Amino acid sequence: MMLPLNTETAQSLARRLLELQTAYAQGRPLVPDLEYDRLFDELKAWEEANPTLRLSWSPTQRVGSDLSADFPEFRHTVPVLSLDKAYAPSEVFVWLDKTAKLTNQVLTLTAEQKMDGLSLVLYYKEGILERAVTRGDGTTGNEVTANVKTLATVPLRLSRPLTMAVRGEVFLPKSDFARLNAELAEPYANPRNLAAGTLRRVKSAEVARVPLRIFVYEAFVAGPAGSVPSTHRQALELLASEGFPLNPHLGVFTPDQRPELEAFVAAQTALRPTLEWEIDGLVFKVDDLALRDELGATGHHPRWALAFKFESPQAQTVVEEITVQVGRTGRVTPVAKVKPAQVGGTTVTFITLHNRDYIETLGLGLGDEVAISRRGDVIPAVEEVLERHSEMVWPFPETCPDCTSTLELRGAHHFCPNPVCPAQVKGKLAFFVGRGQMDMESLGPETLEVLVAQGLVSDVADLFTCDFDRLLGVPGFGDKKIAALKEGVALARTRPYATVLASLGVPDLGKKLVELLLNAGILSFDGLVETLRERPASLLEVHGIGPKTIETLGTELLTPAVLDLAARLKAAGLAFDAPPPAAAASAALAGTTWCVTGSFAAFNPRSLAEEEIVKRSGKVVSAVSGKTTHLLAGTGAGSKLEKALALGVKVVSEEEFVTLLNEEGIV
Ligand code: AMP
Ligand code: ZN
């Protein structure tokens, strides 16, 4: 019989148990199971008697609890971005050359398997696992700490007091998936979905029953240079030395080892079906961490990494027609229309052909029989011409199909140089009002078409000065439609600065970059312009912004066209600065999505109510959908109210809303 535990001995017992757990998880148990269970029960009994003294990293947390945990949101310290993609080793080399040129350095690359699981970030503070957060939208994820603690191989406490963010991928081995899924009434489509479903269980004890695993592949360690890893390989070694599970497949390539890199790709492609876990490609990364910082990221992906995706299923079909589309930047994209064909479960009819070089390299002409695929299992692509039926390669047009201006070649792409080209105008408008940007749902493509054709709107700022009543009488434009248009415009005036800025369509200036700028304290458009003009180098201090981004911003944002547009939108009442962080009213409505309908006594016009919601970090939409959480219904509420009731959306009266605003609570 041992002595009763005290705070100190309980702590060393906890530490001992963690070691035993790790050893066990690594397949080399140090003590008999019975002995382990005895020690474990002893600690558990002590914790039950002294609940306030229980350590957050206690090994007893691994078995989970029956308490219902919900998943609060947590904002990532470094955004979790996507990866740029390649589909052939040759594309990896093109990327490698480009990256070497950007840095002026000889680059050593690492290569890892791209795990097809769920990405997770483990935050450690002074050696203790503080929280585990899902990728979420890349900026904000859900805290699933209690559930992740049930994964036996995740260290709850490190041997050193490190403060770091560790990234990894949670997965369920194929064989476990097959076994578990067979027992389920509603089986999951793949291991990834089952793992995702498990990680979101409210009871961590249920999570503990599913043998989820994790491989970690990235560590952001805080500390002065010299004390933290300076290469990716060192970071991986540090993780391994702390007992984190790492994927055993790692390649390292110096610039002269291209044949070795190709051989690695071939070997991994062959290994794929034999692995115990699912992978969908390989990830190549720049090894030197200082170079990574220098390279930075676009809003979408880091410039220091590249995913090589494995081949996707192919099909055979015939090219019936090739047309060109003119985008909002004037870029001309040829698109093939093919005889509809099934590829990996979906029907493909339209396929982008990218640019003239792409067509010429393929040697593609009308009527040719081609092999098509869906790259990365998503984007349809023409892979090769199987049988030529055409007399010649399709001749790329010399003029814009929309305005007949002579096209200009810039880099690999042709552009229509005419700034008032109708296709470009429509493209810019569609982007601005689109979902994820200003969300002006009443302005669909056909409506925009009419507005442009009627000469009412020739750029984005015109939307805010346009007299929509002049549309009365045009087929399809009754009182109701016109009211909806006005409402859409009023709603746009309530959108926050971040949304407005990301909707301008300035290259590279997407949501992620906007967010980085705001977090860096650049809270207004004027401030941004001034920074770019007076001290662009100061932006280098912002984590995630590199020299390339700053250069692009400088050339694309500081143009008379963009500055003039911004000035007109600002004059039209759109937000061109963000409230200083302290003054932001509150986040009481964060995560809620509201639709506002009917009329109100205290909020007239009703955009006043919408402003109150936005001020409290709620989102406002103009139609009720499955994503709407609340409907604010005033007098005369009609179809939206019915739809809300049908969908089970919470309906809030004006009175309740006012109370809510006063209390700052959430309904
Ligand atoms: P994607 O979302 O397809 O652009 O790919 C980015 C995601 O790949 C990341 O967020 C990770 O979840 C995942 N991933 C899987 N394995 C790795 C790896 N070895 N290194 C980096 N990311 C990986
Ligand atoms: Zn044109």
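1. In this predicted model, Thr-198 touches Asn-147, Val-207, Val-210 and Leu-212, when residues up to four places away in sequence are not counted. Thr-198 has its place in helix 6, which covers residues 191–199. With a relative accessible area of 0%, Thr-198 is buried, because a residue counts as buried when that value is under 20%.

2. A second place to look at is the pair formed by helix 3 (residues 89–103) and helix 9 (residues 258–271), whose axes come within 10 Å and cross at roughly 135°. Helix 3 and helix 9 are therefore oblique to each other, and the crossing in which helix 3 passes helix 9 is right-handed.

3. The residues that meet at this crossing are Pro-89, Val-92, Phe-93, Leu-96 and Asp-97 from helix 3, and Arg-258, Leu-261, Glu-262 and Val-265 from helix 9. Sorted by class, the contact of helix 3 with helix 9 has six nonpolar and three charged residues, with no polar ones.

4. In helix 13 (residues 445–453), the buried residues are Thr-447, Leu-448, Leu-451 and Val-452. These residues cover an arc of only 130° around the axis, and so they lie on the same side of helix 13. As background, an α-helix has 3.6 residues a turn, so residues three or four places apart point the same way.

5. The buried residues of helix 13 pack against helix 12 (422–433) and helix 14 (479–492), whereas the face turned away from the buried side carries the exposed residues Pro-445, Glu-446 and Ala-453. Just after helix 13 comes Gly-455, which takes a positive phi of about 75°.

Methods. Residues are numbered from 1 along each chain as its sequence is written. Chains are lettered from A and ligands numbered from 1 in the order in which they are written. This is a predicted model: local features need pLDDT of at least 70, side-chain atom pairs count only at pLDDT 80 or more; totals for chains, interfaces and linings use all residues. Side-chain values use heavy atoms; hydrogens and water are left out. Axes are lines fitted to C-alpha atoms, for helices over the stretch in contact, and angles run from 0 to 180 degrees between N-to-C directions. Helices (H or I, at least four residues) and strands (E, at least two) are DSSP runs, numbered from the N terminus. Angles under 35 degrees count as roughly parallel, over 145 as roughly antiparallel, 65 to 115 as roughly perpendicular and the rest as oblique. A crossing is left-handed if the near helix is turned anticlockwise from the far one by less than a right angle, and right-handed if clockwise. Contact means heavy atoms within 4.5 Å. Ala, Val, Leu, Ile, Met, Phe, Trp, Tyr, Cys and Pro count as nonpolar, Asp, Glu, Lys and Arg as charged, and the others, Gly among them, as polar. Buried means under 20% relative accessible area, exposed over 50%, partly exposed in between (1.4 Å probe, protein chains only). The arc is that of the directions from the helix axis to the C-beta atoms.
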